[in-house]
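Please load the model in your viewer and keep the selection panel at hand. The tour below goes from one selection to the next and says what is found at each stop.

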Amino acid sequence: MNAEGNHFDISLVFPAVEASEVFEVSLKYSLQGYKEQDFKIRNTNPQVCIVDELDQCVPSFATWNLTPSLSNVIRVKVTGNFVGAIPLSFEVQNIKTGETYLTSERLLWKKGYYSNYIKHLNERVMAESAMLVESTESHPDGLYSKYDFFVLAPLLFCVPLVLGLLTYKMIKSRNESN
């Protein structure tokens, strides 16, 4: 079962972390007739562990009896080094029924990688917006750029449509008058 159907969702305050850094993950859920103590939680990624109330790391392969109970905030840390981004999601088990649910998945980014990603993304957005501005200006060789067709294409579609409708109305009114 997934988070959408069973109301388990996670969110991160900031998606960039360093290895071995403890950070908090917020959980949003609707238990409908159950208590938090009726549920256990564990992560699904072996590179991540849940930090329990005794500051001990509970790995993803831990049995349900060793995992913490569900709460609004879970402390987590990445074990070992990682490059780029890794997925973060959790399994939640209802200990009364045995049903297991999956939360939504978020990406955890390594801090340096995330800042480089944002920098390159901003550069790309700025470059593309500069190209769009340039394309709206006339070209010295008289040719149109591919962005000009975004403006021309609707006009090329609408003009025959309007002419067709006018012709249809003229023919229809001529037939009705006869």
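How many aromatic pairs does the count come to? By the rule that rings of Phe, Tyr and Trp (its six-membered ring) pair if their centres lie within 6.5 Å, the count comes to four aromatic pairs. Before selecting them, note that this is a predicted model, in which local features need pLDDT of at least 70 and side-chain atom pairs count only at pLDDT 80 or more, while totals for chains, interfaces and linings use all residues. Residues are numbered from 1 along each chain as its sequence is written, and side-chain values use heavy atoms, with hydrogens and water left out.

**The aromatic cluster**

Select Phe 8, Tyr 29, Tyr 34, Phe 39 and Tyr 101, which ring pairs link into a cluster. Within it, the rings of Phe 8 and Tyr 29 have centres 6.0 Å apart and planes at 35°, so this pair is tilted; planes under 30 degrees apart would count as stacked and over 60 as edge-to-face, with the rest tilted. Phe 8 lies in strand S1 (residues 8-12) and Tyr 29 in strand S3 (residues 22-29), so the pair ties together parts that are 21 residues apart in sequence. Phe 8 counts as buried at 3% relative accessibility, where buried means under 20% relative accessible area, exposed over 50%, and partly exposed in between (1.4 Å probe, protein chains only).

**The whole chain**

Now zoom out and colour by secondary structure, for which helices (H or I, at least four residues) and strands (E, at least two) are DSSP runs numbered from the N terminus. The protein has three helices and 11 strands, and along the sequence they follow the pattern α-β-β-β-β-β-β-β-β-β-β-β-α-α. Of its 178 residues, 29% count as buried. With contact taken as heavy atoms within 4.5 Å, 65% of the contacts between residues at least 6 apart in sequence join residues at least 24 apart.

**Salt bridges**

The structure holds four salt bridges, each defined as a side-chain nitrogen of Lys or Arg within 4 Å of a carboxyl oxygen of Asp or Glu. Three of them make useful selections, beginning with Lys 96 and Asp 38, whose side chains meet at 3.7 Å, N to O. Lys 96 lies in the loop between strand S9 (90-94) and S10, and Asp 38 in the loop between S3 and S4, so the pair ties together parts that are 58 residues apart in sequence. Lys 96 is exposed at 60% relative accessibility, whereas Asp 38 is buried at 11%.

Next, select Glu 91 and Arg 42, which form a salt bridge with their closest N and O atoms 2.8 Å apart. Because Glu 91 lies in strand S9 and Arg 42 in strand S4, this pair ties together parts that are 49 residues apart in sequence. Arg 42 is buried, with a relative accessible area of 16%.

For the third selection, take Arg 75 and Asp 55, where the closest N and O atoms are 2.3 Å apart. Arg 75 is in strand S7 (residues 73-78) and Asp 55 in the loop between S5 and strand S6 (57-58), 20 residues apart. Arg 75 counts as partly exposed at 30%, while Asp 55 is exposed at 57%.

From Arg 75, move to Glu 24, which touches Leu 12, Val 73, Ile 74 and Arg 75, not counting residues up to four places away in sequence. Glu 24 is found in strand S3, and its C-alpha is 6.3 Å from that of Val 73 although the two are 49 residues apart in sequence.

**Two buried loop residues**

Select Asn 45, in the loop between strand S4 (39-43) and strand S5 (48-51), which is buried with a relative accessible area of 8%. A polar atom of the Asn 45 side chain lies 2.8 Å from the backbone nitrogen of Gln 47, and the same residue's side chain reaches the backbone oxygen of Pro 87 at 2.9 Å.

Then go to Ser 104, in the loop between strand S10 (100-102) and strand S11 (106-110), which counts as buried at 15% relative accessibility. What joins the side chains of Ser 104 and Asp 9? They are joined by a polar contact of 2.3 Å, a term for a pair of N or O atoms within 3.5 Å in which, within protein, one must be able to donate a hydrogen and the other to accept it, and residues adjacent in sequence count only if both atoms are side-chain atoms.
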